[in-house]
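Visitor: I'm new to this one and would like a close look at a single part. Could you walk me through one chain, from its overall build to the places where its pieces touch?

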Amino acid sequence: MTSAPEALLALSDVNTFYGQAQVHFDLSITVARGHIVCLLGGNASGKSTTMKIILGLVKPRSGEVTFDGASLIGLSTPQIVRRGIGSVPEARRLFADMSVRENILMGAFVRNDRDAIAQDLDRMLTLFPKLGQRLSQRAGSLSGGEQQMVAMARALMSRPRMIVMDEPTMGLSPLYVDRVLELIRSINQAGVSVFMVEQNASLALEIAHEAYVLQTGKIVLSGPARALKDDPRIRDAYLGGSEAA
Amino acid sequence: MSSWLDHTINGLIVGNVYALVAVGLALIFGVSRLINFAQGSIYLVGAYIGWIAVVQLHTPLPLTIIVVAVAAAIVGLIIERFGLRPLQNSVRIAPLLATIGISFVLDQLVMLIFSPNPRALPSQLPDVRFQVGGGTIGPLDLLIAGVGLTSALLLFVFLRYTKLGWAVRATAQDRDAAMQMGVDVNRVNQAVFGIAAALGGVSGMLVGMYYNQIDTAMSLQATLKGVVAEVVGGAGNVPGAVIGSLLLGLVESYGVAVLGTSYRNLFAFLLLVVVLVVRPNGLFVSARQAPPEPLTGTFIAPSRPVNIPRWALLVAVAGFAILPLFPVSFYVLQTLINAWLLGMLGLSLTLVAGTMGQVSLGHAALLAIGAYTSALLSLVLAVPAGLAVIGGGLMSAALGTLLISPSFRLRGHYVSIATLAIGEIVALVILNWESVTRGPIGISGIPPLALFGYDLISPTSVYWFSLAVMVVLALLQGRLLTSHLGRSFRAIRDDDIAARAYGLSLNRYKSIAFIFGGFAAGVSGGIAAHLYSYINHETFNTQQSILALTVVILGGLGNVVGAIVGSVALVGLPEVFRIAAEYRILIYGIVLLLLVRFRPQGLLGTV
């Protein structure tokens with residue numbers, strides 16, 4: 001942490017609307033190259049919409065989104081993915097009727113280097129050894145934790161420079177939660193930046209470098225994860241500001 | 001029984017043809033959750049391109065097949081690019097309506113270019129029959145089976161082993177997730193439209209050769225059969241569509257063997273209704289799969305209706321009421337009478353489709369029920385015409401609601417399919433129930449309208465009568481919409497799950513809407529019967545259903561005044577501009593397309 005790390009992804013002054021309703025108010029978030037950045041917030045705070053903005057699934061009314069210095073505004077989702085952003089969507093969103101193998105290979109849809117894809121598939125199986133015996137199984141028949149593994153493997157198959165994850169621990173058993181966090185850390189150590197949206201603040205802050213707290217569309221708190229971990233305002237932000245649990 | 005083997009072979013061959021149409025529908029539904037009502041038009045276009053190739057260009061058979069496939073695929077790509085892609089972010093009903101508009105435009109273009117007269121399409125194959133077991137099979141049968149199997153194999157290879165094929169499957173299962181893998185969904189759409197059109201076009205050509213006849217009526221029939229087969233197999237399920245098609249072919253073939261050709265379609269639609277009622281997700285979909293279409297919320301374009309002051313409406317009604325006192329021609333009155341009759345149908349459909357959100361494509365059946373009831377009451381039982389018309393309205397309300405009730409649990413596009421099928425069933429029953437309806441001969445000599453013993457023969461009196469009936473129906477409907485009933489209807493339309501959670505019984509409110517709508521449409525049909533003095537099973541056809549739909553979309557879905565304004569516009573403007581009859585349907589189709597694209601809320605706004 002000697003020099004300020006360079007920004008890989010930057011959202012600046014983003015304002016988003018669903019019809020009349022404003023979802024984001026001058027939202028600004030930076031993901032430094034090589035970092036894990038985590039966006040925290042309660043329900044309806046605008047977290048998932050932030051993911052959709054990055055992926056081009058929702059267009060902001062104003063503001064700028066840049067990835068590696070180039071604007072993403074106006075690009076389609078496939079174009080953005082080709083720029084090097086892999087996605088682990090909320091609730092996994094696997095292709096339920098396709099096999100696990102096909103799901104993982106769908107992650108490499110933007111690539112054309114057959115041999116390297118085959119190698120990467122093998123790499124995924126060492127990273128997620130459990131999936132080896134499941135390759136020909138329907139993805140929809142897997143447990144939630146296994147599906148999360150497939151979703152992560154699928155996202156990595158595009159060889160992304162950054163992965164965005166929407167609530168990767170949602171609905172998983174405690175055992176799998178630890179496993180997923182461990183995997184996110186090791187993915188990150190392999191050089192992939194991570195932007196994740198989470199409800200579970202204490203877990204997310206364990207592995208993140210920086211964190212932002214979103215409340216009804218505004219960033220109310222941000223900073224290094226270590227500093228935020230003990231900040232009482234985190235809890236306040238979650239509970240709407242007043243009462244304690 | 002050798003003939004049973006023949007019927008089986010025939011059923012499987014016809015099923016193969018249906019499969020070529022249905023597989024395309026299933027691909028498109030899978031990827032974009034859209035039932036492509038223009039599929040039959042592509043089939044029609046394919047048949048005529050085949051005719052050009054065979055009869056004009058004398059191409060050899062293999063080349064003919066390739067020419068038809070490529071040309072039809074191009075038509076499909078054009079439809080996707082210019083008809084549907086602009087509607088991607090539009091309301092859910094928009095693409096459905098667009099495909100209906102496209103099918104009207106294509107069918108009419110073919111009719112204008114080639115004339116409606118049937119043409120022969122020779123098969124270019126030797127006319128021999130081979131003995132197989134107890135039955136016979138000809139080279140054309142083998143060709144159709146061969147094309148079917150080859151297409152299935154190619155499609156399997158495409159979906160299983162090519163990158164684009166994977167993209168198609170992934171998009172069908174989760175569109176957003178596929179995009180996040182870098183799949184360009186527009187390309188996927190293009191691919192499936194191209195493939196669906198190529199298969200549909202070849203299918204049309206093969207059918208033309210099979211019966212050695214092609215005509216423009218093929219289009220709607222093909223769409224209907226394809227949709228039936230697809231829904232039976234499970235919407236969006238490609239292998240299911242093949243099995244559904246073969247099943248449909250067999251059911252029809254055996255049905256025809258037992259009861260005769262005029263029953264062929266009846267079996268198809270009964271099969272559809274049974275499947276929709278018993279297993280709306282199709283025969284081959286397991287229960288775990290979510291219903292393919294949670295159509296709620298933005299089904300129709302939300303808008304603020306144009307507020308028309310009460311005095312302006314009064315002035316308009318008074319103006320039209322005193323119109324006959326001025327020296328206007330019989331022709332003007334006749335046109336306006338047609339507008340008032342269509343207006344009643346529009347009121348009915350705008351309530352059911354707009355306010356209630358049940359987009360009916362078989363509304364002409366309600367006209368037919370009202371017309372036949374009223375005609376038969378006055379002819380057979382000598383009921384005075386005025387009372388007979390009311391009887392027609394009541395019968396249409398009762399029978400229409402009863403017939404549609406099995407589809408009350410359906411949503412979105414399925415309602416449209418079910419109503420289309422029920423409409424066809426009504427027409428087929430009228431055709432086949434000769435002892436009552438006099439079958440294909442129709443009913444002639446229907447007495448003129450009468451009120452309290454006075455015959456309404458002069459155009460002026462008919463004009464006043466129909467205007468008065470329409471105004472009364474409109475006032476009743478306006479009252480209905482401002483009551484709690486109207487609110488309940490709209491609540492169910494906008495979110496039926498939420499409405500149910502608040503204790504609204506969907507069945508009850510849908511019944512009320514159909515009873516009221518059925519009455520208005522039945523009265524319109526009844527008046528029409530006495531006015532025309534002759535009706536048959538084709539008097540009230542699908543074109544009228546679509547015309548009514550265009551009327552209510554033009555006026556603004558759910559908008560009472562809009563339905564009437566839409567009727568006057570669609571009946572009146574072609575008269576003002578003296579547009580020849582054969583161009584009118586074309587214009588209705590274009591109007592529908594333009595509306596959906598540029599003003600889905602209609603002239604006066606949705607309510």
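Guide: Happy to, and let's take chain B. Its secondary structure adds up to 24 helices and four strands. Do keep in mind that what you're looking at is a predicted model.

Start with the overall build. Measured out along its principal axes, the C-alpha trace of chain B covers about 70 × 55 × 45 Å. For 607 residues, a compact globule would come out with a radius of gyration near 25 Å, and chain B, at 24 Å, agrees with that. Of those 607 residues, 55% count as buried. The contacts reach a long way along the sequence, too: take the ones in chain B between residues at least 6 apart, and 80% of them link residues at least 24 apart.

Now for the pieces. The domain assignment splits out domain 1 of chain B, made of 2-118 + 138-278, and domain 2, made of 328-540. Between the C-alpha centres of these two domains of chain B there are 32 Å. Where they meet, 16 residues of domain 1 of chain B are in contact with 17 residues of domain 2 of chain B. On the domain 1 side, the elements that each bring at least two residues to this meeting place are α4 (93-114), α9 (218-233) and α11 (264-278) of chain B. The top contributor there is α11(B), with eight residues. Sort that side of domain 1 of chain B by class and you get 14 nonpolar residues, two polar ones and no charged ones.

Next, turn to the place where chain B meets its neighbour. Here 14 residues of chain B are in contact with 19 residues of chain A. On the chain B side, two or more residues come from each of α6 (163-173) and α7 (175-180) of chain B. Helix α6(B) provides the largest share of that side, five residues. By class, the side of chain B facing chain A has seven nonpolar, three polar and four charged residues. So there you have both touching places: the one towards chain A includes four charged residues, while the domain 1 side towards domain 2 of chain B has no charged residues.

Before you go, one stop over in chain A. Look for Arg33(A), in the loop between β2 (21-32) and β3 (36-40) of chain A. With 14 other C-beta atoms within 10 Å, Arg33(A) is partly exposed. Val192(A) sits 159 residues away along the chain, yet the C-alpha atoms of Arg33(A) and Val192(A) are separated by 8.2 Å.

How values were computed:
Residues numbered from 1 in each chain as written. Chains lettered and ligands numbered in written order. Predicted model: local features only at pLDDT ≥ 70, side-chain atom pairs only at ≥ 80, totals over all residues. Rg over C-alpha atoms; globule rule 2.2 N^0.38 Å. Buried ≥ 20, exposed ≤ 12 C-beta atoms within 10 Å, placed from the backbone. Contact = placed C-beta atoms within 7 Å. Nonpolar A, V, L, I, M, F, W, Y, C, P; charged D, E, K, R; others polar. Domains from an automatic or database assignment.
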